[in-house]
Amino acid sequence: MIRAVITGTGSALPARRVSNAQLAETVDTTDEWIVERTGIKFRHIAGPDETTATLAADAARAAIAAAGCTAQDIDLIVLATATPDQTFPSSATKVQAMLGIDDAVAFDVAAVCSGFLYAVQVADSMIRAGSARRALVIGSETFSRILDWEDRATCVLFGDGAGAIVLEGQESAGAPDDRGILAVRLHADGRHNGLLYVDGGPSTTGTVGKLRMKGREVFRHAVTNLATVLSETMAVAGLDASAIDWLVPHQANARILDATAKKLGLSPDKVVVTVDSHANTSAASVPLALDTAVRDGRITRGDLIVLEAMGGGFTWGAAVARF
Ligand SMILES: CC(C)(COP(=O)(O)OP(=O)(O)OC[C@H]1O[C@@H](n2cnc3c(N)ncnc32)[C@H](O)[C@@H]1OP(=O)(O)O)[C@@H](O)C(=O)NCCC(=O)NCCS
(Lines give C-alpha, C1' and ligand atoms only; values in the text may rest on other atoms or scores of the structure.)
Protein backbone atom coordinates (compact mmCIF):
# COMPACT_ATOMS: atom_id res chain seq x y z
CA MET A 1 0.00 0.00 0.00
CA ILE A 2 0.95 3.66 -0.36
CA ARG A 3 1.21 5.91 2.68
CA ALA A 4 1.69 9.68 2.70
CA VAL A 5 4.83 10.34 4.77
CA ILE A 6 5.82 13.74 6.22
CA THR A 7 9.36 14.12 4.86
CA GLY A 8 9.91 17.80 5.73
CA THR A 9 8.46 20.69 7.71
CA GLY A 10 8.96 24.45 7.48
CA SER A 11 7.52 27.68 8.76
CA ALA A 12 7.74 31.44 8.37
CA LEU A 13 6.78 34.40 10.55
CA PRO A 14 6.55 38.10 9.71
CA ALA A 15 9.56 40.13 10.88
CA ARG A 16 7.53 42.32 13.24
CA ARG A 17 6.80 40.80 16.66
CA VAL A 18 4.30 42.61 18.88
CA SER A 19 4.05 42.08 22.65
CA ASN A 20 0.88 42.45 24.71
CA ALA A 21 2.32 45.61 26.25
CA GLN A 22 2.89 47.11 22.78
CA LEU A 23 -0.69 46.22 21.84
CA ALA A 24 -1.96 47.88 25.03
CA GLU A 25 -0.57 51.20 23.75
CA THR A 26 -3.37 51.33 21.15
CA VAL A 27 -5.97 48.80 22.39
CA ASP A 28 -7.86 49.04 25.71
CA THR A 29 -6.31 45.90 27.22
CA THR A 30 -3.53 44.71 29.52
CA ASP A 31 -0.78 42.10 29.40
CA GLU A 32 -2.28 40.50 32.55
CA TRP A 33 -5.75 40.07 31.00
CA ILE A 34 -4.41 38.53 27.77
CA VAL A 35 -1.95 36.16 29.50
CA GLU A 36 -4.48 35.02 32.09
CA ARG A 37 -7.36 34.40 29.63
CA THR A 38 -5.38 33.08 26.65
CA GLY A 39 -1.69 32.38 27.43
CA ILE A 40 -0.71 34.70 24.55
CA LYS A 41 2.36 36.93 25.05
CA PHE A 42 3.41 37.80 21.49
CA ARG A 43 2.09 37.67 17.94
CA HIS A 44 3.76 38.46 14.60
CA ILE A 45 2.09 41.02 12.35
CA ALA A 46 2.73 41.12 8.59
CA GLY A 47 4.29 44.24 7.09
CA PRO A 48 3.25 45.76 3.74
CA ASP A 49 5.50 43.41 1.73
CA GLU A 50 4.48 40.27 3.64
CA THR A 51 1.35 38.48 2.42
CA THR A 52 -0.27 35.09 2.85
CA ALA A 53 1.47 33.91 -0.36
CA THR A 54 4.95 35.25 0.50
CA LEU A 55 4.82 33.70 3.99
CA ALA A 56 3.53 30.44 2.48
CA ALA A 57 6.35 30.39 -0.08
CA ASP A 58 8.97 30.95 2.64
CA ALA A 59 7.52 28.13 4.76
CA ALA A 60 7.35 25.89 1.67
CA ARG A 61 11.01 26.53 0.78
CA ALA A 62 12.04 25.49 4.30
CA ALA A 63 9.89 22.34 4.13
CA ILE A 64 11.29 21.40 0.70
CA ALA A 65 14.88 21.86 1.98
CA ALA A 66 14.12 19.72 5.05
CA ALA A 67 12.61 17.03 2.81
CA GLY A 68 15.77 16.95 0.70
CA CYS A 69 13.88 17.34 -2.57
CA THR A 70 13.55 20.22 -5.03
CA ALA A 71 10.59 22.44 -5.87
CA GLN A 72 10.30 20.69 -9.25
CA ASP A 73 9.60 17.40 -7.42
CA ILE A 74 6.33 18.85 -6.07
CA ASP A 75 3.24 17.88 -8.11
CA LEU A 76 0.50 19.08 -5.74
CA ILE A 77 0.09 22.26 -3.67
CA VAL A 78 -2.80 22.49 -1.23
CA LEU A 79 -2.85 25.80 0.63
CA ALA A 80 -5.22 26.27 3.56
CA THR A 81 -6.14 29.90 4.15
CA ALA A 82 -9.03 32.18 5.02
CA THR A 83 -6.99 35.27 4.10
CA PRO A 84 -5.90 34.77 0.46
CA ASP A 85 -3.89 37.45 -1.36
CA GLN A 86 -6.69 37.85 -3.92
CA THR A 87 -10.30 36.65 -4.14
CA PHE A 88 -8.97 34.71 -7.11
CA PRO A 89 -6.76 33.12 -8.36
CA SER A 90 -5.77 30.90 -5.47
CA SER A 91 -2.79 31.79 -3.31
CA ALA A 92 -1.56 28.24 -4.02
CA THR A 93 -0.96 29.22 -7.65
CA LYS A 94 0.95 32.33 -6.50
CA VAL A 95 3.14 30.09 -4.33
CA GLN A 96 3.65 27.77 -7.30
CA ALA A 97 4.93 30.71 -9.37
CA MET A 98 7.13 31.99 -6.51
CA LEU A 99 8.72 28.55 -6.15
CA GLY A 100 9.29 28.28 -9.91
CA ILE A 101 7.28 25.09 -10.29
CA ASP A 102 6.35 24.68 -13.96
CA ASP A 103 3.45 22.27 -13.60
CA ALA A 104 1.48 21.04 -10.60
CA VAL A 105 -2.05 20.79 -9.27
CA ALA A 106 -2.52 23.86 -7.05
CA PHE A 107 -5.55 25.11 -5.12
CA ASP A 108 -6.67 26.66 -1.84
CA VAL A 109 -8.80 25.06 0.85
CA ALA A 110 -11.06 27.21 3.04
CA ALA A 111 -11.86 25.70 6.43
CA VAL A 112 -10.47 28.55 8.56
CA CYS A 113 -8.56 27.28 11.62
CA SER A 114 -9.17 23.63 10.62
CA GLY A 115 -7.92 24.34 7.10
CA PHE A 116 -4.59 22.58 7.53
CA LEU A 117 -6.30 19.37 8.69
CA TYR A 118 -8.66 19.58 5.70
CA ALA A 119 -5.67 20.15 3.39
CA VAL A 120 -3.83 17.15 4.88
CA GLN A 121 -6.87 14.94 4.27
CA VAL A 122 -7.13 16.08 0.63
CA ALA A 123 -3.40 15.60 -0.07
CA ASP A 124 -3.29 12.25 1.75
CA SER A 125 -6.29 11.00 -0.28
CA MET A 126 -4.81 12.18 -3.60
CA ILE A 127 -1.44 10.58 -2.82
CA ARG A 128 -3.00 7.25 -1.82
CA ALA A 129 -5.24 7.35 -4.92
CA GLY A 130 -2.16 7.82 -7.12
CA SER A 131 -3.08 11.30 -8.38
CA ALA A 132 -0.07 12.94 -6.70
CA ARG A 133 3.35 11.78 -5.58
CA ARG A 134 4.81 14.63 -3.60
CA ALA A 135 2.60 17.35 -2.09
CA LEU A 136 3.21 20.65 -0.38
CA VAL A 137 0.55 21.13 2.27
CA ILE A 138 0.58 24.67 3.61
CA GLY A 139 -1.35 26.70 6.16
CA SER A 140 -0.79 30.44 5.78
CA GLU A 141 -2.68 33.43 7.14
CA THR A 142 -2.57 37.19 7.57
CA PHE A 143 -5.46 37.56 10.03
CA SER A 144 -4.13 40.99 11.07
CA ARG A 145 -5.74 42.25 7.83
CA ILE A 146 -9.27 41.11 8.82
CA LEU A 147 -9.17 42.10 12.49
CA ASP A 148 -11.27 44.92 13.89
CA TRP A 149 -8.56 46.71 15.87
CA GLU A 150 -11.32 48.51 17.85
CA ASP A 151 -12.65 45.16 19.18
CA ARG A 152 -10.40 44.19 22.07
CA ALA A 153 -12.22 40.86 22.54
CA THR A 154 -10.85 39.59 19.20
CA CYS A 155 -7.88 41.66 18.00
CA VAL A 156 -5.58 40.54 20.84
CA LEU A 157 -6.07 36.86 20.01
CA PHE A 158 -4.67 36.49 16.49
CA GLY A 159 -1.36 36.66 14.63
CA ASP A 160 0.11 36.06 11.16
CA GLY A 161 2.36 33.25 9.92
CA ALA A 162 2.72 30.15 7.79
CA GLY A 163 3.65 26.49 8.18
CA ALA A 164 4.20 23.78 5.57
CA ILE A 165 4.93 20.09 5.21
CA VAL A 166 6.06 17.94 2.32
CA LEU A 167 3.92 14.80 2.08
CA GLU A 168 5.40 12.03 -0.04
CA GLY A 169 3.82 8.77 -1.19
CA GLN A 170 5.92 5.81 -0.04
CA GLU A 171 5.40 2.04 -0.18
CA SER A 172 4.35 0.76 3.24
CA ALA A 173 3.44 -2.57 4.81
CA GLY A 174 0.64 -0.66 6.54
CA ALA A 175 1.63 -1.38 10.15
CA PRO A 176 1.01 1.26 12.88
CA ASP A 177 4.80 1.52 13.32
CA ASP A 178 5.37 2.38 9.65
CA ARG A 179 5.74 6.06 8.85
CA GLY A 180 2.94 8.13 7.36
CA ILE A 181 -0.56 9.46 7.92
CA LEU A 182 -2.49 6.72 9.76
CA ALA A 183 -5.92 8.34 10.09
CA VAL A 184 -7.72 11.64 9.51
CA ARG A 185 -11.25 12.54 10.62
CA LEU A 186 -12.98 15.80 9.67
CA HIS A 187 -16.28 17.38 10.63
CA ALA A 188 -18.35 20.50 9.91
CA ASP A 189 -21.54 21.94 11.36
CA GLY A 190 -22.62 24.99 9.38
CA ARG A 191 -25.36 25.95 11.83
CA HIS A 192 -22.72 27.79 13.89
CA ASN A 193 -21.77 30.33 11.20
CA GLY A 194 -22.86 33.21 13.45
CA LEU A 195 -20.47 32.39 16.29
CA LEU A 196 -17.24 32.94 14.32
CA TYR A 197 -17.31 34.64 10.92
CA VAL A 198 -16.15 37.56 8.78
CA ASP A 199 -18.85 40.16 8.09
CA GLY A 200 -18.00 40.66 4.42
CA GLY A 201 -17.28 38.81 1.20
CA PRO A 202 -17.28 39.16 -2.60
CA SER A 203 -20.79 37.77 -3.05
CA THR A 204 -22.49 39.63 -0.19
CA THR A 205 -21.08 43.03 0.78
CA GLY A 206 -18.43 43.26 -1.90
CA THR A 207 -15.95 44.07 0.89
CA VAL A 208 -13.33 41.96 2.67
CA GLY A 209 -15.01 42.37 6.07
CA LYS A 210 -13.80 41.95 9.66
CA LEU A 211 -13.66 38.97 11.99
CA ARG A 212 -16.52 38.62 14.49
CA MET A 213 -16.62 36.08 17.31
CA LYS A 214 -18.71 35.07 20.30
CA GLY A 215 -15.67 33.85 22.23
CA ARG A 216 -17.37 32.17 25.13
CA GLU A 217 -19.59 29.96 22.94
CA VAL A 218 -16.67 29.08 20.65
CA PHE A 219 -14.65 28.02 23.69
CA ARG A 220 -17.40 25.68 24.90
CA HIS A 221 -17.81 23.97 21.50
CA ALA A 222 -14.03 23.73 20.97
CA VAL A 223 -13.28 21.66 24.07
CA THR A 224 -16.12 19.19 23.41
CA ASN A 225 -15.56 18.82 19.65
CA LEU A 226 -11.79 18.44 19.93
CA ALA A 227 -11.87 15.80 22.65
CA THR A 228 -14.47 13.80 20.65
CA VAL A 229 -12.66 13.96 17.30
CA LEU A 230 -9.33 13.07 18.92
CA SER A 231 -10.75 9.89 20.45
CA GLU A 232 -12.53 9.08 17.18
CA THR A 233 -9.35 9.47 15.10
CA MET A 234 -7.23 7.42 17.50
CA ALA A 235 -9.89 4.66 17.31
CA VAL A 236 -9.75 4.73 13.47
CA ALA A 237 -5.95 4.38 13.72
CA GLY A 238 -6.50 1.47 16.12
CA LEU A 239 -4.43 3.14 18.84
CA ASP A 240 -4.93 4.11 22.45
CA ALA A 241 -4.24 7.64 23.77
CA SER A 242 -1.27 6.19 25.68
CA ALA A 243 0.48 5.66 22.29
CA ILE A 244 0.63 9.44 21.63
CA ASP A 245 4.15 10.89 21.78
CA TRP A 246 3.13 14.46 20.88
CA LEU A 247 -0.18 16.28 20.59
CA VAL A 248 0.19 19.21 18.16
CA PRO A 249 -3.01 21.21 18.66
CA HIS A 250 -4.42 24.28 17.02
CA GLN A 251 -3.02 27.17 19.07
CA ALA A 252 -6.09 29.24 19.93
CA ASN A 253 -5.97 29.49 23.68
CA ALA A 254 -3.82 27.87 26.38
CA ARG A 255 -6.94 27.08 28.40
CA ILE A 256 -8.46 25.11 25.47
CA LEU A 257 -5.16 23.18 25.13
CA ASP A 258 -5.15 22.33 28.85
CA ALA A 259 -8.81 21.30 28.89
CA THR A 260 -8.42 19.08 25.79
CA ALA A 261 -5.29 17.36 27.13
CA LYS A 262 -7.04 16.74 30.44
CA LYS A 263 -10.08 15.19 28.72
CA LEU A 264 -7.74 12.83 26.85
CA GLY A 265 -5.77 12.00 29.99
CA LEU A 266 -2.60 13.32 28.30
CA SER A 267 0.23 14.78 30.35
CA PRO A 268 0.77 18.51 29.56
CA ASP A 269 4.43 17.79 28.71
CA LYS A 270 3.25 15.86 25.63
CA VAL A 271 1.45 18.92 24.24
CA VAL A 272 3.28 21.29 21.88
CA VAL A 273 2.41 24.85 22.93
CA THR A 274 3.33 27.88 20.81
CA VAL A 275 0.28 30.05 21.46
CA ASP A 276 2.40 32.17 23.84
CA SER A 277 4.69 33.34 21.02
CA HIS A 278 2.50 33.03 17.87
CA ALA A 279 -1.08 33.66 19.16
CA ASN A 280 -3.82 32.15 16.98
CA THR A 281 -2.58 31.98 13.38
CA SER A 282 -5.64 30.06 12.15
CA ALA A 283 -4.73 27.52 9.42
CA ALA A 284 -1.01 28.17 10.01
CA SER A 285 -1.02 27.31 13.68
CA VAL A 286 -0.77 23.51 13.52
CA PRO A 287 2.06 23.33 10.92
CA LEU A 288 3.86 26.23 12.68
CA ALA A 289 3.71 24.35 15.99
CA LEU A 290 4.76 21.11 14.27
CA ASP A 291 7.78 22.75 12.63
CA THR A 292 8.76 24.42 15.92
CA ALA A 293 8.78 21.07 17.77
CA VAL A 294 10.62 19.29 14.93
CA ARG A 295 13.34 21.94 14.72
CA ASP A 296 13.89 22.13 18.50
CA GLY A 297 14.32 18.34 18.57
CA ARG A 298 11.20 17.37 20.53
CA ILE A 299 9.49 15.52 17.65
CA THR A 300 11.78 12.91 16.10
CA ARG A 301 11.38 10.27 13.41
CA GLY A 302 9.10 7.43 14.47
CA ASP A 303 7.11 9.51 17.01
CA LEU A 304 3.35 9.15 17.00
CA ILE A 305 1.97 12.66 16.51
CA VAL A 306 -1.62 13.81 16.65
CA LEU A 307 -2.73 17.05 14.99
CA GLU A 308 -6.07 18.70 15.77
CA ALA A 309 -7.94 21.91 15.07
CA MET A 310 -11.32 23.58 15.30
CA GLY A 311 -12.47 26.78 13.65
CA GLY A 312 -15.11 28.86 11.93
CA GLY A 313 -17.93 27.00 10.25
CA PHE A 314 -17.72 25.28 12.64
CA THR A 315 -15.17 22.90 11.19
CA TRP A 316 -12.95 20.56 13.15
CA GLY A 317 -10.74 17.54 12.69
CA ALA A 318 -7.75 15.49 13.75
CA ALA A 319 -4.96 13.50 12.11
CA VAL A 320 -2.75 10.74 13.49
CA ALA A 321 0.66 10.24 11.89
CA ARG A 322 3.85 8.28 12.48
CA PHE A 323 6.46 11.00 11.90
C1 LIG B 1 -11.97 35.27 23.89
C2 LIG B 1 -11.84 34.75 25.29
C3 LIG B 1 -10.39 34.74 25.71
C4 LIG B 1 -12.60 35.72 26.22
O5 LIG B 1 -12.57 35.25 27.54
P6 LIG B 1 -13.91 35.27 28.42
O7 LIG B 1 -13.56 34.82 29.76
O8 LIG B 1 -14.93 34.47 27.65
O9 LIG B 1 -14.22 36.79 28.45
P10 LIG B 1 -15.54 37.57 27.99
O11 LIG B 1 -15.59 37.70 26.51
O12 LIG B 1 -16.73 36.99 28.67
O13 LIG B 1 -15.20 38.98 28.60
C14 LIG B 1 -14.98 39.14 30.00
C15 LIG B 1 -14.63 40.58 30.27
O16 LIG B 1 -13.33 40.87 29.72
C17 LIG B 1 -13.41 42.02 28.91
N18 LIG B 1 -12.43 41.89 27.82
C19 LIG B 1 -12.60 41.29 26.62
N20 LIG B 1 -11.45 41.37 25.91
C21 LIG B 1 -10.57 42.04 26.66
C22 LIG B 1 -9.24 42.44 26.49
N23 LIG B 1 -8.55 42.16 25.36
N24 LIG B 1 -8.63 43.11 27.48
C25 LIG B 1 -9.28 43.39 28.62
N26 LIG B 1 -10.54 43.05 28.85
C27 LIG B 1 -11.20 42.39 27.90
C28 LIG B 1 -14.82 42.03 28.41
O29 LIG B 1 -15.20 43.34 28.01
C30 LIG B 1 -15.57 41.57 29.61
O31 LIG B 1 -15.73 42.64 30.50
P32 LIG B 1 -17.09 42.83 31.34
O33 LIG B 1 -17.19 41.60 32.19
O34 LIG B 1 -16.84 44.09 32.07
O35 LIG B 1 -18.17 42.92 30.30
C36 LIG B 1 -12.44 33.35 25.43
O37 LIG B 1 -13.83 33.41 25.30
C38 LIG B 1 -11.88 32.41 24.43
O39 LIG B 1 -10.74 32.10 24.45
N40 LIG B 1 -12.74 31.90 23.53
C41 LIG B 1 -12.32 31.01 22.48
C42 LIG B 1 -11.84 31.85 21.38
C43 LIG B 1 -11.10 31.06 20.36
O44 LIG B 1 -10.23 30.32 20.68
N45 LIG B 1 -11.46 31.29 19.12
C46 LIG B 1 -10.78 30.78 18.02
C47 LIG B 1 -11.20 29.41 17.73
S48 LIG B 1 -10.48 29.00 16.21
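## Chat about a predicted model

Me: Is Ser282 buried or exposed?
Reply: Ser282 is buried, because its relative accessible area is 1% and the cut-off for buried is under 20%. Keep in mind that this is a predicted model.

Me: OK, and where is Ser282 in the chain?
Reply: Ser282 belongs to the loop between α9 (275-278) and α10 (285-295).

Me: What about the phi of Ser282?
Reply: The phi of Ser282 is positive, about 55°, although Ser282 is not a glycine. Most residues other than glycine have a negative phi.

Me: Which other residue that isn't a glycine has a positive phi?
Reply: Val112 has one, with phi near 50°. You'll find Val112 in the loop between β5 and α5 (115-128).

Me: How covered is Val112?
Reply: Val112 has a relative accessible area of 23%, so it counts as partly exposed. Partly exposed is the range between the 20% and 50% cut-offs.

Me: Changing topic: which peptide bonds should I look at for cis geometry?
Reply: One of them joins Phe88 and Pro89, with omega about 0°. Another runs from Gly313 to Phe314, with omega near -5°. Most peptide bonds are trans.

Me: Where do Pro89 and Phe314 fall?
Reply: Pro89 is in the loop between β4 and α4 (91-99). Phe314 is in the loop between β12 and β13.

Me: On to the ligand. How many residues surround it?
Reply: The ligand has 23 residues around it, and the closest are Thr29, Arg37, Arg152, Gly215 and Asn253.

Me: What polar contacts can I put a distance on?
Reply: Three side chains to list. The Thr29 side chain has an N or O atom 2.6 Å from a nitrogen atom of the ligand. For Arg37, a side-chain N or O atom is 2.6 Å from an oxygen atom of the ligand. The Trp33 side chain has an N or O atom 3.3 Å from a ligand oxygen.

Me: How much of the ligand does the protein bury?
Reply: The protein buries 74% of the 960 Å² that the ligand exposes when taken alone.

Me: What's the mix of residue types in that shell?
Reply: The shell around the ligand has 11 nonpolar residues, seven polar ones and five charged ones.

Me: And which elements supply them?
Reply: At least two shell residues come from each of α2 (31-38), α6 (152-155), α7 (215-237), α8 (254-264) and β12 (304-311). The largest share comes from α7, with four residues.

Me: β12 is a strand, so let's do sheets. Where does β12 sit in its sheet?
Reply: β12 is in an open sheet of four strands in the order β8-β13-β12-β11, with mixed pairing. β8 (180-188) and β11 (246-249) are at the edges; each has a single partner strand, so one side of each has no neighbour in the sheet. From one strand to the next the twist averages 15°.

Me: How do β8 and β13 pair?
Reply: β8 and β13 (residues 315-322) are antiparallel, and eight bridges pair them. To pick one bridge, the partner of Ala188 in β13 is Thr315.

Me: What's the order in the five-strand sheet?
Reply: That open sheet runs β1-β7-β6-β4-β5, and the pairing is mixed. The edge strands are β1 (2-12) and β5, which each pair on one side only. Here the twist averages 20° from one strand to the next.

Me: How many bridges does β4 make with β5, and how many with β6?
Reply: β4 runs parallel to β5 (residues 105-109), with five bridges joining them. β4 also pairs with β6 (residues 134-142) in the parallel sense, over five bridges. For anchor pairs, Val78 is partnered with Phe107 in β5, and Leu79 with Ile138 in β6.

Me: Is β4 mostly covered or mostly exposed?
Reply: β4 (residues 76-80) is mostly covered, with five of its five residues buried. Leu76, Val78 and Ala80 are buried on one side, and Ile77 and Leu79 are buried on the other.

Me: Last one: what can you tell me about Ala62?
Reply: Ala62 is in helix α3 (residues 52-67). At 23% relative accessibility, Ala62 is partly exposed. Ala62 is 65 residues from Ile127 in sequence, and their C-alpha atoms are 21 Å apart.

Note on methods. Residues are numbered from 1 along each chain as its sequence is written. This is a predicted model: local features need pLDDT of at least 70, side-chain atom pairs count only at pLDDT 80 or more; totals for chains, interfaces and linings use all residues. Side-chain values use heavy atoms; hydrogens and water are left out. A residue is near a molecule or strand if one of its heavy atoms lies within 4 Å of it. A polar contact is a pair of N or O atoms within 3.5 Å; within protein, one must be able to donate a hydrogen and the other to accept it, and residues adjacent in sequence count only if both atoms are side-chain atoms. Accessible areas come from the Shrake-Rupley method with a 1.4 Å probe; for residues, only the protein chains shown count as cover. Ala, Val, Leu, Ile, Met, Phe, Trp, Tyr, Cys and Pro count as nonpolar, Asp, Glu, Lys and Arg as charged, and the others, Gly among them, as polar. Two strands pair if DSSP finds at least two bridges between them. Axes are lines fitted to C-alpha atoms, for helices over the stretch in contact, and angles run from 0 to 180 degrees between N-to-C directions. Buried means under 20% relative accessible area, exposed over 50%, partly exposed in between (1.4 Å probe, protein chains only).
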